[in-house]
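Biologist: Hello! I am new to this structure and would love a close look at a single part of it.

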Amino acid sequence: MGDSLETYASNAPVTGERKLNLELQKQLPQPYLARALVAVDKDHPNGTEGKDHHNMSVLQQHAAFFDRNKDGIIYPWETYQGFRAAGFGFFTSFTSAILINLLLSYRTQPGWLPSLLLSIHIKNIHRGKHGSDTETYDTEGRFDPSKFDAIFSKYGLTYPDALTKDEISNMLKANANIGDCLGRIMSLAEWRLLYRIGKDENGLLQKETIRGVYDGSLFEQLENKRASSSSKKA
């Protein structure tokens, strides 16, 4: 391998600690091409099987789960209902609904006037993307397979396709941008919520669970699982 393709610089030890997947181009076609409609990885080259993208960006699909009446607008009570449907308790759902809609509402409005009801417009959800994240969503809401893969090649040191709680913490610290307090807080909150709802019996956050949160399919699975459990109890 020539210097032009080298990913490690001996005078920058961090480049050896946080490795990149040198085989990614063999495992997935055009991995550096951000996908607008599907969240792909080497095990899911066509995205989530059976999921209808409705010609929405991957970020829009993530948000659309909380649009409970499917009118393209998410109100705080819908955010609350979505959190409850995914299995979160009252306090977490209520607090998340208020904070998320408060932070994202104005930035997604179609005009300059704020919404007194703190509505979020899915069409403009890309405007609400925050910093200090993994950059798996690009600034237009597409899904970047190479950035997603880097989550595990850089920080999944214990298991190749899962993250431990400590590894998630290390990732959050590494992704933190200087002066970006809001982005750091939002990233921390998002990953803590995901870990709480998505960790397996061994305390690991599996790669497929993380991929599912990006296109919203994880939320749908959790809702269906809860509905099935409720029907059995009834």
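Does threonine 134 count as buried or exposed, and what is its relative accessibility? Please walk me through its surroundings too.

Modeller: Happy to! Please keep in mind that this is a predicted model. Threonine 134 counts as buried, because its relative accessibility is 13%, and the cut-off for buried is under 20%. To find threonine 134 along the chain, look in the loop between strand 2 and helix 6, the helix that spans 145-155.

Now turn to the side chain. The side chain of threonine 134 makes a polar contact with the side chain of threonine 136, at 2.9 Å. The side chain of tyrosine 214 is also a polar partner of the threonine 134 side chain, here at 3.0 Å. Tyr214 appears again when we list what threonine 134 touches, leaving aside residues up to four places away in sequence: the list holds Lys147, Ile151, Met171, Asn175, Trp191 and Tyr214.

For a contrast, take phenylalanine 94, which lies in helix 5. Phenylalanine 94 counts as partly exposed because its relative accessibility is 44%. Together with Phe90, Phe91 and Ile98, Phe94 makes a nonpolar surface patch of about 450 Å².

From helix 5 (90-108), a loop leads to strand 2 (120-121), and leucine 117 sits in that loop. Leucine 117 touches Tyr75, Pro76 and Trp77, again not counting residues up to four places away in sequence. Between leucine 117 and serine 105 there are 8.8 Å from C-alpha to C-alpha, while the two are 12 residues apart in sequence.

Technical notes
Residues numbered from 1 in each chain as written. Predicted model: local features only at pLDDT ≥ 70, side-chain atom pairs only at ≥ 80, totals over all residues. Heavy atoms only, no water. Helix = DSSP H or I, 4+ residues; strand = E, 2+ residues; numbered from the N terminus. Contact = heavy atoms within 4.5 Å. Patch = residues over 30% accessible without salt bridge, like charges linked within 9 Å, V, L, I, M, F, W, Y side chains within 5 Å. Areas by Shrake-Rupley, 256 points an atom, 1.4 Å probe, with all protein chains shown as cover. Salt bridge = Lys/Arg side-chain N within 4 Å of Asp/Glu carboxyl O. Buried < 20%, exposed > 50% of the residue type's maximum accessible area, 1.4 Å probe, protein only. Polar contact = N/O pair within 3.5 Å; in protein donor to acceptor, adjacent residues only side chain to side chain.
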